[in-house]
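Student: I've got a model to look at and I'm not sure where to start. Can we go through it bit by bit?

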Amino acid sequence: MMKIASIETFTNEYVCFVRVRTVEGHEGWGQVSTYNADITAKVVHRHIAPHALGQDASDLNALTQLILEREHKFPGTYLYRALCGLDTALWDIKGKIAGKSVAQLLGSEADKVDVYASSMRRDITPEQEAERFIALKEAFGYHSFKFRIGRECGHDIDQWPGRTEAIIKHIRQSLGDEVTLLVDANSAFSAEKAIEIGHMLQDYGISHFEEPCPYWELDQTKQVTQALKLDVSGGEQDNNINVWRQIIDQDIVDIVQPDVCYMGGITRTLEVAKMAQEKQIPCTLHAANLSLVTLFSAHLMAAMPNAGKYLEYSIEGLDYYPWQTGLFTPNFEIEKGQLNLSKAPGWGIEMDSQWLANADYQVSYNASRF
């Protein structure tokens, strides 16, 4: 039994950690999706907790279905972002009860996961981007890198004139042919323009073209996938299982990229990964910052039969993400382009006590249910 006794949130504007305690005395930590986390925390207590408290969480698929059906009038992103906090905390409890890491619970004994160094910046010149890629390659042994092209939801307008073409050429020339290169367009292009850019990417040996078109325009993305030989990927924004069924059944992309926190946690992400596995489509999770989303994703990537070649690993520091310091221990470690993965029970971490003390706190419990 894993009967839920209480759900607590520790929150600032950017991050919300969730602690779940059970009637049996177990405790686990999870996290909602980052950004506007204070809003998401309210959703945890208003929309998630009333249906979860007092429930036996041994069957996470059943619990997830119960919550989403009770909240069927609120099918938006905040509901899933909040659900992730509960789900990931319950996976932590499951691991601790079994004495296994989450990856081990899912059948993996891996202690490392290949990653690609992921740039989040468009306000950077090709020369500056190449310089920091080279420095990171020497320091941490990265052998795969992703950089940004186009302008986010850019309607075929570049971040500045000529940047996309210049950065594609310069990064390849600077890093040489021995590294794997990926690009992310973040919905920048029409299908026609994306195909044009895609041919240039192929000429320069870029192997991965992420979200080339507005992500909600599935037909446009499919045109790009069919026209190019390199891998077209997408799906980070999607959380609706019916949309995922379309993406997978209609071969919209070559690689699916769900985000654990946007999806609502490990349980629903596994559902997408299994759907993709049935169609022999690789799954490479989206993990764009160094909060717990990267840890969740690493455990899942280590265990998925159809895991892609590498996990996304953000290279941005405190100048870009000033809020991602002092959250939990141990911190992430990259060696030879791989993320070290602990086999400690559950997520294998401890939350930073000072961060928790400074956070806004709220608790939901209902003694009458247990």
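Tutor: Sure, one term first: helices (H or I, at least four residues) and strands (E, at least two) are DSSP runs, numbered from the N terminus. This is a predicted model, where local features need pLDDT of at least 70 and side-chain atom pairs count only at pLDDT 80 or more, while totals for chains, interfaces and linings use all residues. Residues are numbered from 1 along each chain as its sequence is written, and side-chain values use heavy atoms, with hydrogens and water left out.

Student: OK, where does P330 lie?

Tutor: Start with the bond before P330: a cis peptide bond joins T329 and P330. Its omega is about -5 degrees. As for its place in the chain, P330 lies in the loop between β11 and β12 (334-335).

Student: Next one: is N186 buried or exposed?

Tutor: N186 is found in the loop between β6 (180-184) and α7, and has a positive phi of about 50 degrees although it is not a glycine. Here's the scale: buried means under 20% relative accessible area, exposed over 50%, and partly exposed in between (1.4 Å probe, protein chains only). N186 has 6% relative accessibility, so N186 counts as buried.

Student: And how does N36 count on that scale?

Tutor: N36 also isn't a glycine, yet has a positive phi of about 50 degrees. You'll find N36 in the loop between β3 (27-31) and α1. Its relative accessibility is 36%, so N36 counts as partly exposed.

Student: How many salt bridges does a search of the whole structure find?

Tutor: Side chains of opposite charge can pair when their charged atoms come close. The cut-off for a salt bridge is a side-chain nitrogen of Lys or Arg within 4 Å of a carboxyl oxygen of Asp or Glu. Searching the whole structure with that rule gives 15.

Student: Which residue forms a salt bridge with E316?

Tutor: E316 lies in the loop between β10 (311-314) and β11 (328-329), and its partner is in helix α5 (residues 126-140), so the pair ties together parts that are 184 residues apart in sequence. E316 is buried at 3% relative accessibility, and the partner is buried too, at 19%. With the closest N and O atoms 2.7 Å apart, that partner is R132.

Student: How many residues apart are R21 and E8?

Tutor: Their side chains meet in a salt bridge (3.6 Å, N to O). R21 is partly exposed, with a relative accessible area of 32%, whereas E8 is buried at 4%. R21 sits in strand β2 (residues 16-22) and E8 in strand β1 (residues 4-11), and the distance along the chain is 13 residues.

Student: Why are K193 and E196 separated by about one helical turn?

Tutor: Their side chains form a salt bridge too, at 3.3 Å from N to O. K193 is partly exposed at 22%, and E196 is partly exposed at 47%. They are separated by about one helical turn because in helix α7 (residues 191-203) they are three residues apart.

Student: What is the volume of the largest pocket?

Tutor: Rolling a probe the size of a water molecule over the atoms shows where empty space is left. On a 1 Å grid over the protein atoms alone, a cavity is a set of points where a 1.4 Å probe fits but cannot get out; a pocket is an open set with protein on both sides within 12 Å along at least five of seven lines, and lining residues have an atom within 4 Å of a point. Points are joined across faces, edges and corners, and a volume is the space filled by probe spheres set on the points. For the largest pocket, that comes to about 510 Å³.

Student: Which residues are closest to its centre?

Tutor: In total, 27 residues line the largest pocket. By class there are ten nonpolar (Ala, Val, Leu, Ile, Met, Phe, Trp, Tyr, Cys and Pro), nine charged (Asp, Glu, Lys and Arg) and eight polar (the others, Gly among them). The closest to the centre are R148, E152, N186, E236 and A288.

Student: How much space lies in the second largest cavity?

Tutor: The count is two cavities of 30 Å³ or more, and the largest has a volume of about 90 Å³. For the second largest, α2 and α3 (77-98) each supply at least two lining residues. Its lining divides into six nonpolar, one polar and one charged, and its space is about 30 Å³.
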